[in-house]
Amino acid sequence: MTLTERSSASPTTPPMICSGAPLSKVEVDLLVVPWCEDESPQSVAGVDAATGGELGRALAAREFRACAYETFPAGVTEASWHARRVLFIGAGKSALFGGETVRKVATAAALWAKQRRIPRVGFVMRELPREAAAEMAQAIAEGLTLAEFDGGSYKTGANEAPAVPAWTVVAAGGEDVASLVRAAVARGWLLGDCSNLSRALANEPGNTLTPREFARRASVIAGEAGVAVDVLDEERMAQLGMGLLLGVSRGSTEPARLMVFRYDPPSAPATPVLGLVGKGVTFDSGGISLKPADGMDRMKDDMAGGAAVACAMRAIALLKAPIRVIGIVPTTENMPGGKAVKPGDVLKSASGKTVEVINTDAEGRLILGDGLWYAQQLGATHLVDVATLTGAIVVALGKGTSGLFGTPNEWVEQVRRVANRAGDRVWPLPMVEEYRDQLKSEIADMTNTGGRPAGAITAALFLQEFTGGLPWVHLDVAGTAWAEEAKPYLPKGPSGVAVRTLAELAFSFEV
Ligand code: BES
Ligand code: MN
Ligand code: ZN
């Protein structure tokens, strides 16, 4: 579905059912049963018999070993069953089976079903302790929904993507469990859907998603959920003195924008106020410090952090978080036009600090500097920024883990817990005070780059200068925002990183 179609869709009715009916009675074409390596064919009552003993035979013959994401489809021979097929999907060792695994298994199974154009699919949530049921159901719903994303939005005719199946989460524990987890399924669907909206934005080419268009679409996404939206133009940025953001945008003929989202539930306490700040570079050519051609096309997703903030704001409002949240997304192109910022130029930030630009390709930290400052101005008490900030984080942590920085440690740990539960793997890196020397400038308060050593850390140290001492976390998602290689649970392309973390964070405060 395109974003335009989406904006008229009712945002609160999940197209996902949760059923407590016996497996034989669930009205679907395919039932998906996650299966752990160390299980016996009898551990889900009735399925082995329903498949005429196919499951037991395949397990005994080691044809199906239930390694993670391994698929084993079997026909249903039992006439009284509604579903005509069962897909067993490997889920690894049962001791490690939890929300994290089941989310990925659900996506893998859903992609399998979507590829085969199966209209109605039920995913079986195995019996488990009642306390664990809601988290598991939510993760399943998230995983199924994540499979709906289609990155080929500009494909025409026969290349068009298959229709998305209708999903049912089937609680093997029966109607008792189903009614217990219905809200969790709806929540999971919504969070998955908001992740997909973020992926669609990150996938959009730079020629269609200019800063103005990004601001327009993000305003619809958050605005229709009841979030108050204000989009600042360059004149208002100038009034606020945002020389860093304006400095980056000078090289482009497209004007910059600054999105301001506010979620202010009347019943929420005055504090805390969560301030989310996302990097919104709609195309990063590097500017005068031009990037090499190889892989430059990827730099259309340099606004993935900003998209995550806008889409998390939508989720936060629709799920009615109990605290106030501000979202800030500075958005611009980074281009080498005739008026572009040049190496050696000095820019003045809205906070008053001056920056000597050594490399115009270190633009993200510049625009975030003004963004972080503005979040404070608007009353944020706790800051989180999300940015495709450095190539260095990809070297340090690879493509599957985002860099986590910040201070104080309690706040960093809070974000870490939430992120890992939400399925956004993060790992902390140290804010080494000594490395701040790498940002020393002869002419200004600091430079915008600290050289090659510890490039992700010096970028974080730069951002810290604009946090006013507030609790602050920085997520460097340069490695995780885009999958270069397809995984069974994640196709090539935008991942929707950080949407669920940011949204869930608004529910993690004790208020
Ligand atoms: N948007 C890039 C970072 C990036 C790199 C994202 C690879 C995704 C994949 C960022 O603006 C950038 O260019 N960073 C420079 C900083 C350097 C000049 C200090 C980098 O990492 O090379
Ligand atoms: Mn850059
Ligand atoms: Zn960039």
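**A two-metal site and the adjoining ligand**

The manganese ion (ligand 2) is coordinated at 2.0 to 2.2 Å by Asp284 (OD), by Asp361 through both O and OD, and by Glu363 (OE). The structure described here is a predicted model. The angles among the 6 donor atoms of the manganese ion (ligand 2) run from 70 to 168°, and the site is classed as irregular. Along the chain, the donors of this ion follow the spacing D-x76-D-x1-E. Two of the donor residues, Asp284 in strand E10 and Asp361 in the loop between E13 and H11, are 77 residues apart, and the pair thereby links distant parts of the chain.

The zinc ion (ligand 3) lies 3.1 Å from the manganese ion (ligand 2), and Asp284 coordinates both metals. The protein donors of the zinc ion (ligand 3) are Lys279 (NZ), Asp284 (OD), Asp302 (OD) and Glu363 (OE), at distances of 2.0 to 2.4 Å. Around the zinc ion (ligand 3), the 6 donor atoms subtend angles of 78 to 174°, and the arrangement is therefore octahedral. The spacing of the zinc donors along the chain is K-x4-D-x17-D-x60-E. Asp284 belongs to strand E10 (residues 280-284), whereas Glu363 is found in the loop between strand E13 (354-356) and helix H11 (364-377), so the pair ties together parts that are 79 residues apart in sequence.

With regard to solvent accessibility, Asp284 and Glu363 are both buried. For Asp284 the relative accessible area is 3%, a value that falls under the 20% limit for buried residues. Asp361, by contrast, has a relative accessibility of 22% and counts as partly exposed.

Ligand 1 is surrounded by 16 residues, of which Asp284, Lys291, Asp361, Glu363 and Gly391 come nearest. Among these, Asp284 and Glu363 are also listed as donors of the zinc ion (ligand 3), and Asp284, Asp361 and Glu363 as donors of the manganese ion (ligand 2). The shell around ligand 1 divides into 8 charged, 5 polar and 3 nonpolar residues. Several polar atom pairs join ligand 1 to the protein: a polar side-chain atom of Asp284 lies 2.9 Å from an oxygen atom of the ligand, a backbone N or O atom of Thr388 lies 3.3 Å from a nitrogen atom of ligand 1, and a polar backbone atom of Leu389 is 3.4 Å from a nitrogen atom of ligand 1. Taken alone, ligand 1 exposes 520 Å², and the protein buries 79% of that area.

Thr388, which contributes a backbone atom to these contacts, is placed in the loop between strand E14 (382-387) and helix H12 (391-397). This residue counts as buried, at 7% relative accessibility. The C-alpha atoms of Thr388 and Val260 are 20 Å apart in space, with the two residues separated by 128 residues in sequence.

A further loop position is that of Arg117, which lies between helix H4 (99-115) and strand E5 (120-125). Arg117 is exposed, with a relative accessible area of 54%. Between Arg117 and Pro165 the separation is 48 residues in sequence and 7.2 Å in space, C-alpha to C-alpha.

Technical notes: Residues numbered from 1 in each chain as written. Chains lettered and ligands numbered in written order. Predicted model: local features only at pLDDT ≥ 70, side-chain atom pairs only at ≥ 80, totals over all residues. Heavy atoms only, no water. Near = heavy atom within 4 Å. Polar contact = N/O pair within 3.5 Å; in protein donor to acceptor, adjacent residues only side chain to side chain. Areas by Shrake-Rupley, 256 points an atom, 1.4 Å probe, with all protein chains shown as cover. Nonpolar A, V, L, I, M, F, W, Y, C, P; charged D, E, K, R; others polar. Donors = N, O, S within 2.8 Å, 3.2 Å for Na, K, Ca; no water. Tetrahedral: all angles 85-135°; square planar, octahedral: opposite > 155°, others 65-115°. Helix = DSSP H or I, 4+ residues; strand = E, 2+ residues; numbered from the N terminus. Buried < 20%, exposed > 50% of the residue type's maximum accessible area, 1.4 Å probe, protein only.
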